[in-house]
Amino acid sequence: MLMQLAAEEPQSPVVPVVPEIVIGLICFGIIFFVFYKKLVPAINKALDERREAIEGGMEKAEATQAEARQTLESYKEQLAEARHEAARLRQEAKEQGASLIAEMREEGQRQREEIISAGHTQIEADRKQAAETLRQDVGKLAVELAGRLVGESLEDHARQSRTIDRFLDELEAKAEAGTEATR
């Protein structure tokens, strides 16, 4: 009878038929149950894995970033130490250079003094030798001149040396007295 009524009344396109609603709900329930039992756990598992991977990646990134900060700080400390060491080495090099220059100046002064002293000693030795040679030459010339004036030979060496030495000593005494008087 219900079917007859349904067949007699014109059906509205907006209102569905009840058996179609029931069949649709049953199909929807079966599909929902299959999705809920099979797909939802797989989806939840994939989402959990994805969340864990993201969280693990973030933790790993944070750990890597912390390690990078620590490494950067370490490098900065090493750089500061290297700069400090370089400054210390430069200062030591300056000090060594200054002490080396001072030593070289002292050595130069010492060598100069040695050269001057050796020069004075050589000059004094040359002066004495020249004076002795001059004394002998003057003595010979004086004896020869005296012999020509007197007209006889004055060949006695001992007497000749004494005479020459006495004469030259008198000359030196007069020269020293003259230099002291001018002072």
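Here's a quick briefing on the fold, confidence, surface and salt bridges of this chain. The model is predicted, so local features need pLDDT of at least 70 and side-chain atom pairs count only at pLDDT 80 or more, while totals for chains, interfaces and linings use all residues. Residues are numbered from 1 along each chain as its sequence is written, and side-chain values use heavy atoms, with hydrogens and water left out.

**Fold and confidence**

- The chain has 3 helices and 0 strands, where helices (H or I, at least four residues) and strands (E, at least two) are DSSP runs numbered from the N terminus.
- Going along the sequence, you get the pattern α-α-α.
- The mean pLDDT (the predictor's confidence in each residue, from 0 to 100) comes out at 83 for the chain, and 87% of the residues score at least 70.
- Confidence bottoms out in helix α1 (residues 2-8), with a mean of 50, and is highest in helix α2 (residues 18-150), at 89.

**Exposure**

- Of the 183 residues in the chain, 4% are buried; buried means under 20% relative accessible area, exposed over 50%, and partly exposed in between (1.4 Å probe, protein chains only).
- About 16,600 Å² of the chain is exposed, and carbon and sulfur atoms supply 61% of that. Accessible areas come from the Shrake-Rupley method with a 1.4 Å probe, and for residues only the protein chains shown count as cover.

**Surface patches**

- Patches take residues with over 30% relative accessible area and no salt bridge, joining like charges within 9 Å and nonpolar side chains (Val, Leu, Ile, Met, Phe, Trp, Tyr) within 5 Å.
- The nonpolar patch consists of Val 18, Val 22, Ile 26, Ile 30, Phe 33 and Val 34, which together have about 560 Å² of accessible area.
- Val 18 from that patch sits in helix α2, and it counts as exposed because its relative accessible area is 57%.
- There's also a negative patch, made up of Glu 49, Glu 52, Glu 55, Glu 59 and Glu 62. For the signs, Lys and Arg count as positive and Asp and Glu as negative, with His and the chain ends not counted; each charge is placed at NZ of Lys, CZ of Arg, CG of Asp or CD of Glu.
- Glu 49 belongs to helix α2, and with 46% relative accessibility it is partly exposed.

**Salt bridges**

- The whole structure holds 7 salt bridges, each being a side-chain nitrogen of Lys or Arg within 4 Å of a carboxyl oxygen of Asp or Glu.
- Asp 48 pairs with Arg 51, with the closest N and O atoms 2.4 Å apart. Both lie in helix α2, 3 residues apart, or about one turn of the helix. Asp 48 is partly exposed at 34% relative accessibility, and so is Arg 51 at 44%.
- Glu 92 bridges to Arg 88, and here the closest N and O atoms are 2.3 Å apart. This pair lies in helix α2 with a spacing of 4 residues, about one turn of the helix. Glu 92 is partly exposed with a relative accessible area of 31%, while Arg 88 is partly exposed at 34%.
- Arg 88 and Glu 92 also join Glu 85 in a network of salt bridges.
- Arg 110 and Glu 114 make a salt bridge through their side chains (2.2 Å, N to O). They're 4 residues apart in helix α2, about one turn of the helix. Arg 110 is partly exposed at 39% relative accessibility, and Glu 114 is partly exposed at 44%.
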